[in-house]
Amino acid sequence: IRRCFGLSGQHSAQIRMTSPSSSSSDASSTTIKDMMGSKVDCPQIGIGMAALGRPGYISLTHKRDFEGVGKSVEAMQERAYAVLDSAYAAGVRYFDAARSYGRAEEFLAAWLKDRGIAPGDVCVGSKWGYTYTANWQTDTGGQPHEVKEHSRENLEKQSKETEGLLGEYVNLYQIHSATQASGVLTNESVIEGLWNIKKGKGWKIGLSLSGVEQAETLRMAIAVKNNEGERLFDSVQATYNVLESSCSEALKEAKSAGMQVIVKEGMANGRLFEDGNGGPSREKLSVLHAEARRLGCSVDSLGLACIIAQGFEPMVLSGAACKEHLESNMNAIRLVKEGKVTGEVAKRIIGGCRMAPEEYWAERSALEW
């Protein structure tokens, strides 16, 4: 595993970032065209802000990633700026946040403005549906770090908060962790509110998924249309990795329906690393680790390359919490471009690593924040 190193000095508002056309990164030529109608071409790796906006997060490497740096608001913002700077310089143009990611929207908005990056130079997505409740603590005494509420009132409240911070940068607004149990896809008032946002603000509308019923929930979402037959949802963000690929067919259906596929938790919350986990998933990963040794690449880059190589052409979120991890993640694009990871190679690796969805999600639920 590449280790994260502490930062010295404060982030500078004087840095000016390169434009997409001037980036020299290999990532700039492996793109999703006009991501979410933004007119921005994005490489297939974006930045997920879940680990950068709050001190506690479900990742086996999160605590170690911040050793020697600390998790004060100032230290976390400095680290977020460092990762965002590196990502933008590497050609990354899609950035994904949520209301429940602590100060992620605030950090992202401040960085965009401090760096002089115009709305037309990036594509930004955020989410509503969870409220951050941890009050910048990692130990909440057993209380949840975030609370879910898929109501019309919360949609109105949180969309206004997102707009207040990110304003004209927002291209995509997503339901955070839509499930059949929450009833959000059959809540007529919420659906009406989402249509109002889509028509009134011009934001694309998406949903993120979680749990063993990802495929079934996605198929419900694809079917949500207005009286004119227009589909509400423009994107889906799903958990997909070498351990959990059960929604593969549904993601292909979403792609065929015209939805943009975004993949989260490509590293399975750090479980892909050899020293990251001692649970059932560790026994499944020998194929991935052996192939990484054969190719002479990192486990994380190979794991993400297996996702990029899928036929549903996903935007894959890097959850990197430091520059070193981001740089390693970005090598996934090179592995695909150079033909080292093809669809067939990915199929073989995923086939050897796949867990039963129930087993995967049970293990994830047991992870500590």
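This report describes a barrel, a pair of helices and one buried residue in a predicted model.

**The barrel**

Eight strands form a closed barrel in the order β3-β4-β5-β8-β9-β10-β11-β12, and their pairing is parallel. From one strand to the next, the twist averages 25°. One of the pairings links β5 and β8, which run parallel and are joined by five bridges. Within this pairing, Val-124 has Val-170 in β8 as its bridge partner. Helix α6 lies across β8, β9 and β10, and runs at about 160° to β9.

The table lists elements named in this part of the report.

| Element | Residues |
|---|---|
| Strand β5 | residues 123–128 |
| Strand β8 | residues 170–178 |
| Strand β9 | residues 204–209 |
| Strand β10 | residues 235–239 |
| Helix α6 | residues 214–222 |

**A pair of helices**

Two packed helices are described by the distance between their axes and the angle between those axes. For helix α3 (residues 104–114) and helix α4 (residues 152–166), the axes come within 9 Å and cross at roughly 25°. Because angles under 35 degrees count as roughly parallel, α3 is roughly parallel to α4. On the α3 side, the contact is made by Glu-105, Glu-106, Leu-108, Ala-109, Leu-112 and Lys-113. Helix α4 contributes Glu-161, Thr-162, Leu-165 and Leu-166. Of the residues in this contact, five are nonpolar, one is polar and four are charged.

**A buried valine**

Val-299 belongs to helix α10 (residues 299–308). Its relative accessibility is 14%, so Val-299 counts as buried, the cut-off being under 20%. Leaving aside residues up to four places away in sequence, Val-299 touches Leu-272, Leu-288, His-289 and Ala-292. Leu-272 and Val-299 are 27 residues apart in sequence, with a C-alpha to C-alpha separation of 7.2 Å in space.

Methods
Residues are numbered from 1 along each chain as its sequence is written. This is a predicted model: local features need pLDDT of at least 70, side-chain atom pairs count only at pLDDT 80 or more; totals for chains, interfaces and linings use all residues. Side-chain values use heavy atoms; hydrogens and water are left out. Axes are lines fitted to C-alpha atoms, for helices over the stretch in contact, and angles run from 0 to 180 degrees between N-to-C directions. Helices (H or I, at least four residues) and strands (E, at least two) are DSSP runs, numbered from the N terminus. Angles under 35 degrees count as roughly parallel, over 145 as roughly antiparallel, 65 to 115 as roughly perpendicular and the rest as oblique. Contact means heavy atoms within 4.5 Å. Ala, Val, Leu, Ile, Met, Phe, Trp, Tyr, Cys and Pro count as nonpolar, Asp, Glu, Lys and Arg as charged, and the others, Gly among them, as polar. Buried means under 20% relative accessible area, exposed over 50%, partly exposed in between (1.4 Å probe, protein chains only). Two strands pair if DSSP finds at least two bridges between them.
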